[in-house]
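Colleague: Got a minute to go through this one with me? Put it up and we can start.

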Amino acid sequence: MTVDQAAGARDTAPRSAHVPVVIVGAGPVGVTAALLLARRGVRTVVLERHHDIYPLPRAVAADDEVRRILQAAGVGDEFAAIARPARGLRLLDGQHRVMAEFPRATQGAHGFPQTSMFDQPELERLLRDALARRPECDLRTGVEVVGINVGIGVGGGQDGNGPVRVTFRRDGVEEHLWADAVLGCDGAGSLTRDAVGAGWQDLRFEERWTVVDVRTSAPVRCWEGVEQICDPDRPATFMRVGEDRYRWEFRLRDEPEPDHERLRELIAPWVDPSYGADLEVVRQAQYTFRARIADRWRRGRVFLLGDAAHLTPPFIGQGLGAGMRDAHNLTWKLARVLQQGADERLLETYESERKPHTRHAIRLAVTMGWAMTGGQDGAAALRRGVLGAAFRIPGLPAAAARDLSPALAAGPLVRRRALRRARRGGRGLVGGICPQPWVTADGWRVRLDELLGDSFAVLTAAPPSPSLRAVADGLGARIVPVADLGDEGRLSAWLRAGRADAVLLRPDRVVIDEVPSGAADFTDIAGWAPLLHSARKPLPAQQTTDTSLLRSATR
């Protein structure tokens, strides 16, 4: 081969490079995962087949836990500027009479409105802008991922233990990336799901709906929350998204997509059809709402997140939220393994924690769909009547709303011993998420997570024992006495309700273990410590808010 021939061969050969993490898909879940990893110093390459964000609305609701995740990703204030708090959820009958109401507070346990409405293109734009500011992140658009080879081992075998090869095409040229881990955030038609050998488990819900986003200056009869019309003849969902933006969803039977006049008829209960102003249809699309969950979420260091791992009907507004919780759960564990040499078994807890939690949310959504669309037989009317009566029981709607995100099930990072103690009569804290009140830090008012940073933390209502201090030092965790926080006693009351003197918080703010009242140590250090043990020195905790921001925060 001549020198010129060799040069030509190099030009046409697939290009390759090594990166710590490749993320397939630059939707909200993929970009949020990249931002969360960047805050821990992990470099990522995000591959997206589209050149720009999808310009039309899709997801429109986020709960307060999702807003806390966006805060952790560094875009909390930007999201607040585009979000609109909602009052909650109402179930209405076919005559639009209120059957049940699920109120949502203007400030939930996570420090934000319990329900916020937003426009997904605006969210994606601010996430992309934040990504562009992070030197750890490399977004490549207009590329098509065509292959993911899981764990290329010695001799080319796919044993799941080696680096992952991602093959993609850009401008007609095939390239390779070798990654220590791959996050598949590539949606319902996920190539990554095929790569891990996952299939769908059908949770038995499938209906065809039309979704219509409208902009209008007409007066709209609006509760400022979400309305679900529980009418088997014409089930529907309505919500206000912005100042002049509204969304309706209608179930379709064997009928064509509604035209403009038919649409006016459908929305007449909310908008007077005699009003002269035209309606601007921003988007009208048909969707098949499904309930599915992947039978496996991981192979080697290839993981599924978001719609690649689960599909849910939209009736409780948890589609996007489930994916954001996936990112929050996985990224700190992956960073600890990649950067600090933590036990590889730590990564196994991603699926074991998130899958049951997601299945629970999907089943709640299916139940809500059943209440809305439960057929036209006599039993259906009886079921809806029973549902309406049940939710007039004092306190039940609020309890049902809290159950949207229950505590994690027992597992390696949610200690069973503490859970058993809770089930014997206490209101245990293990597996739940720590609330986030406003606190005082160096004279400034900030949210709790801005004080704690991105690593482990210990909240304590009693003087810490030497062994507790040693645990905190080993994890790089900050010890924070709750009595000194100026939070009106909220965290002290939370610890007392859980009969705990102290708790250990994971970076995603889940309580991993607790010090029972009157005790000196955590209940089961030997159970979780081996998974978190690092071969390298713990990284210093990065605070969510830097000093300059603390100085400018509201007193």
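**Packing notes**

Modeller: This is a predicted model. Not counting neighbours within four places in sequence, Leu47 is in contact with Val22, Ile23, Val24, Gly25, Ala26, Arg140, Val143, Val145, Val166, Phe168 and Leu177.

Colleague: And which residues have the most contacts inside the largest nonpolar core?

Modeller: Leu47 is one of them, along with Val22, Leu183, Leu305, Trp528 and Leu532. That core has 115 residues. Another core, of 24 residues, lies apart from it, and includes Val414, Ala441, Leu495 and Val503.

Colleague: How much of the protein chain counts as buried?

Modeller: 56% of its 555 residues.

Colleague: What share of the contacts between residues at least 6 apart join residues at least 24 apart in sequence?

Modeller: 71% in the protein chain.

Colleague: Switching to secondary structure. How many helices and strands are there?

Modeller: The protein chain has 17 helices and 25 strands.

Colleague: Take H3 and H8. At what angle do their axes cross?

Modeller: Roughly 45°, with the axes coming within 10 Å. H3 covers residues 64-72 and H8 covers residues 319-340. Angles from 35 to 65 degrees fall outside the parallel and perpendicular classes, so H3 and H8 are oblique to each other.

Colleague: Is the crossing left-handed or right-handed?

Modeller: H3 passes H8 left-handed. On the H3 side the contact is made by Glu65, Val66, Ile69, Leu70 and Ala72. H8 contributes Gly321, Met324, Arg325 and His328.

Colleague: What does that contact have by class?

Modeller: Five nonpolar, two polar and two charged residues.

Note on methods: Residues are numbered from 1 along each chain as its sequence is written. This is a predicted model: local features need pLDDT of at least 70, side-chain atom pairs count only at pLDDT 80 or more; totals for chains, interfaces and linings use all residues. Side-chain values use heavy atoms; hydrogens and water are left out. A nonpolar core is a set of buried Ala, Val, Leu, Ile, Met, Phe, Trp, Tyr and Cys residues joined through side-chain atoms within 4.5 Å. Buried means under 20% relative accessible area, exposed over 50%, partly exposed in between (1.4 Å probe, protein chains only). Contact means heavy atoms within 4.5 Å. Axes are lines fitted to C-alpha atoms, for helices over the stretch in contact, and angles run from 0 to 180 degrees between N-to-C directions. Helices (H or I, at least four residues) and strands (E, at least two) are DSSP runs, numbered from the N terminus. Angles under 35 degrees count as roughly parallel, over 145 as roughly antiparallel, 65 to 115 as roughly perpendicular and the rest as oblique. A crossing is left-handed if the near helix is turned anticlockwise from the far one by less than a right angle, and right-handed if clockwise. Ala, Val, Leu, Ile, Met, Phe, Trp, Tyr, Cys and Pro count as nonpolar, Asp, Glu, Lys and Arg as charged, and the others, Gly among them, as polar.
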